[in-house]
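Here are a few short exercises to work through with the model open beside you. Try each task before reading its solution.

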Amino acid sequence: MLSAGFFVKPNLLFSAPAKVAGLQLYSLRDQLPKDVKGVMAKIAEAGYKEVETFGYNKQNGYWGLNANEFAQLLKDNGLSTPSGHYDCNQFFDNGNTENLETYIDAAHAIGQEYIIVPSLNERFIKTGDDFKQVAEKMNKMAELLKKRGLKLGYHNHNFEWKPADGTTFYNTLLKYTDPALVFMEMDIYWVVRAGQDPIAILDEHKGRYRFMHIKDRDKTSPNLNTEIGKGDIDFKQIIPKAKAAGVTHFIMEQENYTNIDPYVSIKESADYIKNVLNV
């Protein structure tokens, strides 16, 4: 549970690494299909240096661009992409690697190091036994990726903490996946929505986390996001702990916007992430 005073925001100081703010492209999912080249230019103008992809498929590629074309677009805008969210439900359903092979090829083409499971169909994870089976499959997927020069990550929402048979899916993942092979991407907003304490999790599982989604929670409507620094999540406490725990990529994501232009929003968040959080 969240510790008392978790959202009190003291004036904390911490060392400043190179400022490399990232953006999860899902934040601009409505804009990307209309003008992928224009959107990527605006992301760079907003101050982001990295992007995390989502939604790749062999037919449409990355919003109409094949992997090589998208790689060039990133280069043209001074952007890199360390990771991507790829739908891996096929693998967890029946072990079929056809889609996974497509993702591997695309990830290599655009320079990604991590393939991240963004979510799972909840029908795979209803019982404690289900949790263990999925963890075992995740280890197998990670082994396959390692052979191809890639790493596996898992991105949480809040359903992972729904209890079953005396445990939770998230705790099972941390316990039964190989820490040398399976890394975690902590989505702060969803951890807080689940009633969990991100700092406690980071402290307990140092070395498991490489990525963090920086996503703020609206003070009056907790089911909505807001620009980083405007909400009730105290990133000034969390970020130093994340760095100490091994997080190297801090990626902003905003799933919804209220009375603000999305491009203005992502610029405000980028400024806060770089100038206040020193990321």
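**Exercise 1: A strand pair**

Glu 185 stands opposite Phe 211 in β9. Find how many bridges join strand β8 to strand β9, and in which direction the two strands run.

*Solution.* Start by locating the two strands: β8 covers residues 182-187 and β9 covers residues 209-214. Next, count the links between them: four bridges join the pair, and the strands run parallel. Now step back to the sheet they belong to. Both β8 and β9 are part of a closed barrel of eight strands, in the order β1-β2-β3-β4-β5-β8-β9-β12, with parallel pairing. From one strand to the next, the twist averages 30°.

**Exercise 2: How far to trust it**

This is a predicted model, so begin with its confidence values. State the mean pLDDT of the protein, and find where the pLDDT is below 50.

*Solution.* First, the overall picture: the mean pLDDT is 93, and 93% of the residues reach 70 or more. Then look at residues 1-18, where the pLDDT is below 50. In the model, this stretch has 47 contacts beyond near neighbours in sequence.

**Exercise 3: Two helices and an angle**

Describe how helix α5 packs with helix α6, and name the residues that make the contact.

*Solution.* Step one is the geometry. Helix α5 (residues 128-147) and helix α6 (residues 169-176) pack at an angle of about 45°, and their axes are 9 Å apart. The two helices are therefore oblique to each other. Step two is the handedness: α5 passes α6 in a right-handed crossing. Step three is the contact itself. From α5 come Phe 131, Lys 132, Val 134, Ala 135, Met 138 and Asn 139, while α6 brings Phe 169, Thr 172, Leu 173 and Tyr 176. Sorted by class, the residues of this contact are seven nonpolar, two polar and one charged.

To finish, place α6 against the strands: α6 lies across β5 (151-155), β8 and β9, and runs at about 145° to β8.

**Exercise 4: Your turn with another pair**

Work out the same kind of description for α1 and α2.

*Solution.* Take the axes to begin with: those of helix α1 (residues 36-45) and helix α2 (residues 67-76) come within 9 Å and cross at roughly 35°. The crossing of α1 past α2 is right-handed. Then list the partners: Val 36, Lys 37 and Met 40 in α1 meet Phe 70, Leu 73 and Leu 74 in α2. Finally, classify them: the contact has five nonpolar residues, no polar ones and one charged.

Notes
Residues are numbered from 1 along each chain as its sequence is written. This is a predicted model: local features need pLDDT of at least 70, side-chain atom pairs count only at pLDDT 80 or more; totals for chains, interfaces and linings use all residues. Side-chain values use heavy atoms; hydrogens and water are left out. Axes are lines fitted to C-alpha atoms, for helices over the stretch in contact, and angles run from 0 to 180 degrees between N-to-C directions. Angles under 35 degrees count as roughly parallel, over 145 as roughly antiparallel, 65 to 115 as roughly perpendicular and the rest as oblique. A crossing is left-handed if the near helix is turned anticlockwise from the far one by less than a right angle, and right-handed if clockwise. Contact means heavy atoms within 4.5 Å. Ala, Val, Leu, Ile, Met, Phe, Trp, Tyr, Cys and Pro count as nonpolar, Asp, Glu, Lys and Arg as charged, and the others, Gly among them, as polar. pLDDT is the predictor's confidence in each residue, from 0 to 100. Two strands pair if DSSP finds at least two bridges between them.
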